[in-house]
Amino acid sequence: MRDPSPQGPAATRRLPGRLTAPPPGWTARADVVIIGSGIAGLTTALRLREHVDKVLVVTKDVLNAGSTQWAQGGIAAALSPEDTPEEHEVDTLVAGAGACDRDAVRVLVTEGPDAVRELIALGTKFDLDAAGELSLTREGGHHRDRIAHAGGDATGAEIQRALIAAVEAAPDIEVIQHALAVDLLLGDDGGVAGVTLHVIGEGVRDGVGAVICRAVVLASGGLGQVFSQTTNPAVSTGDGLAIALRAGATLRDLEFVQFHPTVMYLGPESRGQQPLISEAVRGEGAFLVDDDGDRFMTGVHPLADLAPRDVVAKSIMKRMIDTGRPHMWLDARHLGAEFWERRFPTILATARSHGVDPVTQLIPVAPACHYASGGVRTDLDGRTDLPGLYATGEVACSGVHGANRLASNSLLEGLVFSRRISKVLPGELGPWRDPAADRRTAGLVPGSVRRTLQEAMTSQAGVLRTAAGLGEAGAVLDKLAGVTADQVDQDSWETTNLVTISAALADAAALREETRGSHWRDDFPDRDDEHWAGHFDVAMTDGVTTVTFHPAPATDTDLPTTGVDG
């Protein structure tokens, strides 16, 4: 057993301290720059514009290209008269496997209902029942029907539509699309002085430039492209995480990567973004079976097919390993054609486009990377430990998800903590800083190594992990970190970010010698609160990372029961 005390350097590898890039060819100014255009970024922008002279939103693709657009199931909040924030809190803490921050969870569940109502007032059209009330459903880990949804299974798309419409109606919010954030500019005191961007085709703002600002809000999403198969869009290359780490901010809980249990299996050679089969399908009565038709979740957990995601993902993987099969099956045939077409039209169309009709056929499913529960460490108001840098949404580690995110809490987190940032940030804006000379060592890994990286992370640091496998992944990362790109381009910038975050993730996963939530160590199959209740933090100094363990009491002990059956 490794002594769980502060650790030394995570590895001898040296990663780029900053990305190799041309000097800025243009300059702009804004009080606050928001990196990302999902629910977290746009909510922050809409609320900050009332209190800040100039807000600039930058997004790597177009406004609706992020993960919010792809959210199917819905947004969780205690909106029913039968439900309470306290019950939502218990479900969140249980799913988080002892690694949640209780104060953060309480903020989420108590402020969540009003945040959702504000979203409705903004113009989001959630599905209603026959009485004209919100139609609420249930997903894994929830003991109440508390998932509000839109368009059946197009919740994220509807939320994104409403937010974009509001931003387009606010001329005082400037938006730059097709802009990759390269690195933060820092002042002499180490605080944020601005950010460098690479913009494609925005008129006079083309190529690498610098935006001088008084604060940056990271809302850039997750790291799904670290793995070969993911539900995340192609833009999810961990850019915000890597930018923050290189600048001196702390990353927390990176080893807790949630693999969604029911992602449509498209074959062994399929790569990139895979079709998600929302947990809401199981919430409406679908169930998992193996080749023999055995409902293998029965008896595994009191909630059976609606157990928390880590439980279901592990059960599917175990059955796959035991049977030698590459996937399991989701049976939703009994829901019927009319129900499928009304409740899950997007999933139905997607499945049919891949040759499977869920109305008459079983859906092949297997776990794939879905959500990063960890991220840039923040307090309850989104502050990082870098002056002038805030983070919200999936890029942040607010503490609400712990070791395993409860279904449909992600959109809520982006909503709630973005509102909190917008309340405190205007009063904390410091003076304009002059960017100091950047003495970090520049470097760049070529985009051509991305496939090698993804294969190593998927096979050795994916759903099932061992010390030997993580050691192999670390060796691959050591080698890739030493490969130098011969040209500067977006593929190489993104791949360097992926290598950087993969290294931090693998190092933390190797040090956590237990199984907890979505972190599954086959060589340490039990949860171990005595030694490993707490958090691994990753920091970087000019390309060299250090991992430190911070013990903290488990937060899911002695919880009250909800009194509601599954």
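A helix, as the word is used here, is a DSSP run of H or I with at least four residues, and helices are numbered from the N terminus. That's how α7 gets its name, and we'll meet it in a moment. Keep in mind that what you're looking at is a predicted model.

Let's start on the inside. The structure holds one cavity of 30 Å³ or more, and the volume of this largest cavity comes to about 70 Å³. Who lines it? The residues are V257, Q258, F259, R309, D310, A313, K314, N404, V463, S518 and W520. Two elements, β13 (257-264) and α7 (309-323), each bring at least two residues to that lining. The helix α7 is the top contributor, giving four residues. As for chemistry, the lining of the largest cavity is a mix: five residues are nonpolar, three are polar and three are charged.

Now head over to a little sheet elsewhere in the chain. Here three strands make up an open sheet, and they sit in the order β4-β6-β5 with antiparallel pairing. β4 (75-76) and β5 (136-137) are the edge strands, and each has a single partner strand, so one side of each is left without a neighbour in the sheet.

Want to zoom in on one of those pairings? Take β4 and β6, where β6 covers residues 147-148: two bridges join these antiparallel strands. If you'd like a spot to look for in the 3D view, find I75, which stands opposite A148 in β6.

How values were computed: Residues numbered from 1 in each chain as written. Predicted model: local features only at pLDDT ≥ 70, side-chain atom pairs only at ≥ 80, totals over all residues. Heavy atoms only, no water. 1 Å grid on protein atoms, 1.4 Å probe; cavity = no way out; pocket = protein on both sides within 12 Å on 5 of 7 lines; lining within 4 Å. Points joined across faces, edges and corners; volume = space filled by probe spheres on them. Nonpolar A, V, L, I, M, F, W, Y, C, P; charged D, E, K, R; others polar. Pairing = 2+ DSSP bridges.
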